[in-house]
Amino acid sequence: MSKLVAIDLDGTFLNPHYTISALNADAVKKAQQAGAEIVIATGRANFDVQRLFEDEQLSTWVIGANGAATYDPDGKLSLPSPLETIYAKEIVTWLNDENYYYEIVTAKEIFITSKAKQVLQDEMDIVHQDGRSEMERARKRQLGQANIKEIDDYIEVFQAGDEIFKITIVSFDEERRRSAADTLSKKGLNLFSSADFNLEIVSGKASKGIALKKLAKHLDVEKEDIIAIGDSMNDLPMLEVVGTKVAMGNATEEVKQHCDYTTGTNEQDGVARVIEKEILQK
Ligand code: CA
């Protein structure tokens with residue numbers, strides 16, 4: 001009887017330095033050798049995940065862009081749920097007019113405008129709060145993603161006609177994040193926050209939970225044989241559709257309350273511990 005382990009990436013599989021520990025990588029490989037299927041479920045784009053996988057030579061299923069795009073271990077896209085172009089254009093136009101930092105994520109690239117990049121820098125200077133180093137970390141995380149492409153005008157993306165999987169907003173101003181969420185939540189879209197200061201917009205048909213359910217059906221794995229590990233609110237949809245729900249030691253209180261048990265933090269290789277307990281010792 002095969003098992004499926006769904007693992008969130010940031011704050012879960014990745015350590016606080018945004019890398020994969022040798023212990024976690026090893027645990028995944030051993031689980032695969034033992035016949036388990038592994039899926040990384042993340043807000044990030046697949047090509048960004050693959051860049052992180054390179055050093056450890058990992059290959060797993062990937063649910064990317066918060067459920068908008070699922071890839072098999074060979075990197076082939078299946079079961080995509082892109083944003084409807086008409087909504088995507090409306091959202092981007094609004095974000096651009098309101099001077100937000102936003103990213104447009106397609107199958108191959110992450111588009112940002114030079115104007116948006118400057119907005120993020122300016123916000124950091126305006127919002128005086130204690131978390132300056134956290135803001136700097138978040139900014140580096142965004143701009144350090146793979147395949148970021150700077151363009152002059154967002155309209156170029158729509159002219160190219162590529163499918164848009166996700167639009168990411170980053171703002172260090174809580175009020176502005178709330179305002180964006182209020183304005184954009186009216187259109188039958190799914191809004192998630194997968195990292196500090198961010199807001200991710202995907203199709204109303206996309207979530208980690210919906211994608212995981214589809215994948216489990218495809219792999220013929222029953223709900224009680226699925227284990228999911230996560231740390232934040234955007235993991236709740238996937239935790240809801242599995243038999244064993246595990247929270248990271250560094251997860252939010254709300255996530256911990258939803259779970260069956262809590263493992264170590266992402267600094268303590270919490271994922272490796274779960275794989276050891278649920279797969280390798282059984
Ligand atoms: Ca996370």
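**Notebook: helix α4 and the calcium site**

I started on the outside of α4: the face turned away from its buried side carries the exposed residues Ile86 and Asp97. Note to self: this is a predicted model.

Next I looked up the helix itself. α4 covers residues 85-97, which is 13 residues. From its first C-alpha to its last I get a reach of 18 Å, close to the 18 Å expected at 1.5 Å a residue.

Then I turned to the other side. Which residues of α4 are buried? I find Ala88, Ile91, Val92, Leu95 and Asn96. Looking down the axis of α4, these buried residues fall within an arc of 130°, so they line one face of the helix.

I also checked what comes after the helix. α4 is followed by Asn99, and its phi is positive, near 60°.

New entry, the calcium ion. Which protein donors does the calcium ion have? I list Asp8 (OD) twice, Asp10 (O) and Asp231 (OD), lying 2.3 to 3.1 Å from the ion. Along the chain, the donors follow the spacing D-x1-D-x220-D. The pair Asp8 and Asp231 links distant parts of the chain, 223 residues apart. Asp8 sits in strand β1 (residues 4-8), while Asp231 is in the loop between β12 (226-230) and α10 (236-239).

Last lookup: are Asp8 and Asp231 buried or exposed? Asp8 has a relative accessible area of 4%, and Asp231 has 11%. The cut-off for buried is under 20%, so I log Asp8 as buried and Asp231 as buried too.

Conventions. Residues numbered from 1 in each chain as written. Predicted model: local features only at pLDDT ≥ 70, side-chain atom pairs only at ≥ 80, totals over all residues. Heavy atoms only, no water. Donors = N, O, S within 2.8 Å, 3.2 Å for Na, K, Ca; no water. Helix = DSSP H or I, 4+ residues; strand = E, 2+ residues; numbered from the N terminus. Buried < 20%, exposed > 50% of the residue type's maximum accessible area, 1.4 Å probe, protein only. Expected span 1.5 Å × (residues − 1). Arc of directions from axis to C-beta.
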